[in-house]
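Have the sequence and the model side by side for what follows. The text takes up a pocket, then a charged pair, then the packing of helices.

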Amino acid sequence: LPDRAPIIRGSPGWLDGARLLLAVLLVVLLAALVVLLVSLVLRRQKATPEEAELVATEVDIEDENVSPEDLPESGWLAMARELLDKNEPRLALRALFLAGLALLGRTRFVRIAKGKSNREYQRELARRAHAAPGLLETFSDGVHVFERVWYGTGHVTPPDVQQFAEKQERLRRYVEPE
């Protein structure tokens with residue numbers, strides 16, 4: 001019988017090392033990509049107050065086609081403060097209402113869509129707000145006040161806007177508990 005040389009297993013060859021290096025590089029690349037995407041999403045959602053104010057000047061709050069998605073929540077809040085300072089309580093109330101919708105959209109309690117009515121948002125919120133008791137009632141109260149002022153003949157004063165802002169803050173506490 002011919003003498004067979006034993007097969008020695010042990011040290012990996014250069015090909016195994018190259019495969020390992022490639023796998024490590026792919027994992028590092030994917031991790032970097034995930035970090036980049038997360039930072040972009042967070043940056044988009046949390047505009048600085050200065051950025052929000054800059055963008056807020058470009059949105060016409062009186063336009064019936066304005067959407068909660070046109071500004072981040074911070075932009076709507078900055079606009080509401082600015083409008084209240086200019087003694088425009090009716091417009092400030094609308095900016096606060098849009099800030100609330102932007103918040104609900106960002107936190108995925110509702111899906112923002114142009115042409116969607118406030119009643120449709122209420123129905124959608126009723127389906128999704130079980131984990132946040134009180135959220136639907138607070139939003140519905142806000143809808144009632146907003147519609148009375150924006151579409152009806154309701155008069156609004158700066159103190160009324162302040163009360164509405166407190167409701168919107170309550171809305172935030174329901175969707176982003178501390």
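In this predicted model, the second largest pocket is lined by 18 residues. Those nearest its centre are E64, V66, P68, R94 and K116. The volume of this pocket is about 280 Å³. Helix α4, residues 89-106, and helix α5 each give at least two residues to the lining, and α4 provides the largest share, with four. Sorted by class, the lining of the second largest pocket holds nine nonpolar, five polar and four charged residues.

Charged residues also matter for the next topic, salt bridges. Side chains of opposite charge can pair when their charged atoms come close. With a cut-off of 4 Å between a side-chain nitrogen of Lys or Arg and a carboxyl oxygen of Asp or Glu, the model has nine salt bridges. One of them joins E73 to R106, with 3.4 Å between the closest N and O atoms. This pair connects distant parts of the chain, as E73 lies in helix α3 (residues 73-85) and R106 in helix α4, 33 residues apart.

How are α3 and α4 packed against each other? Their axes are 8 Å apart and make an angle of about 170°. Angles over 145 degrees count as roughly antiparallel, so α3 is roughly antiparallel to α4. On the α3 side the contact is made by E73, W76, L77, M79, A80, L83 and L84. Helix α4 contributes P89, L91, A92, A95, L96, L98, A99, A102, L103 and R106. Both E73 and R106 of the salt bridge are thus listed among the contact residues. By class, this contact comprises 15 nonpolar residues, no polar ones and two charged ones.

A second helix pair is formed by α5 (residues 118-128) and α6 (residues 135-150), whose axes come within 10 Å and cross at roughly 175°. By the same cut-off, α5 is therefore roughly antiparallel to α6. From α5, the residues in contact are N118, R119, Y121, Q122, L125 and A126. From α6 they are L135, L136, F139, S140, V143, F146 and E147. What classes do the residues of the contact of α5 with α6 divide into? Eight are nonpolar, three polar and two charged.

Key: Residues numbered from 1 in each chain as written. Predicted model: local features only at pLDDT ≥ 70, side-chain atom pairs only at ≥ 80, totals over all residues. Heavy atoms only, no water. Axes fitted to C-alpha atoms, helices over the stretch in contact; angles between N-to-C directions. Parallel < 35°, antiparallel > 145°, perpendicular 65-115°, else oblique. Contact = heavy atoms within 4.5 Å. Nonpolar A, V, L, I, M, F, W, Y, C, P; charged D, E, K, R; others polar. 1 Å grid on protein atoms, 1.4 Å probe; cavity = no way out; pocket = protein on both sides within 12 Å on 5 of 7 lines; lining within 4 Å. Points joined across faces, edges and corners; volume = space filled by probe spheres on them.
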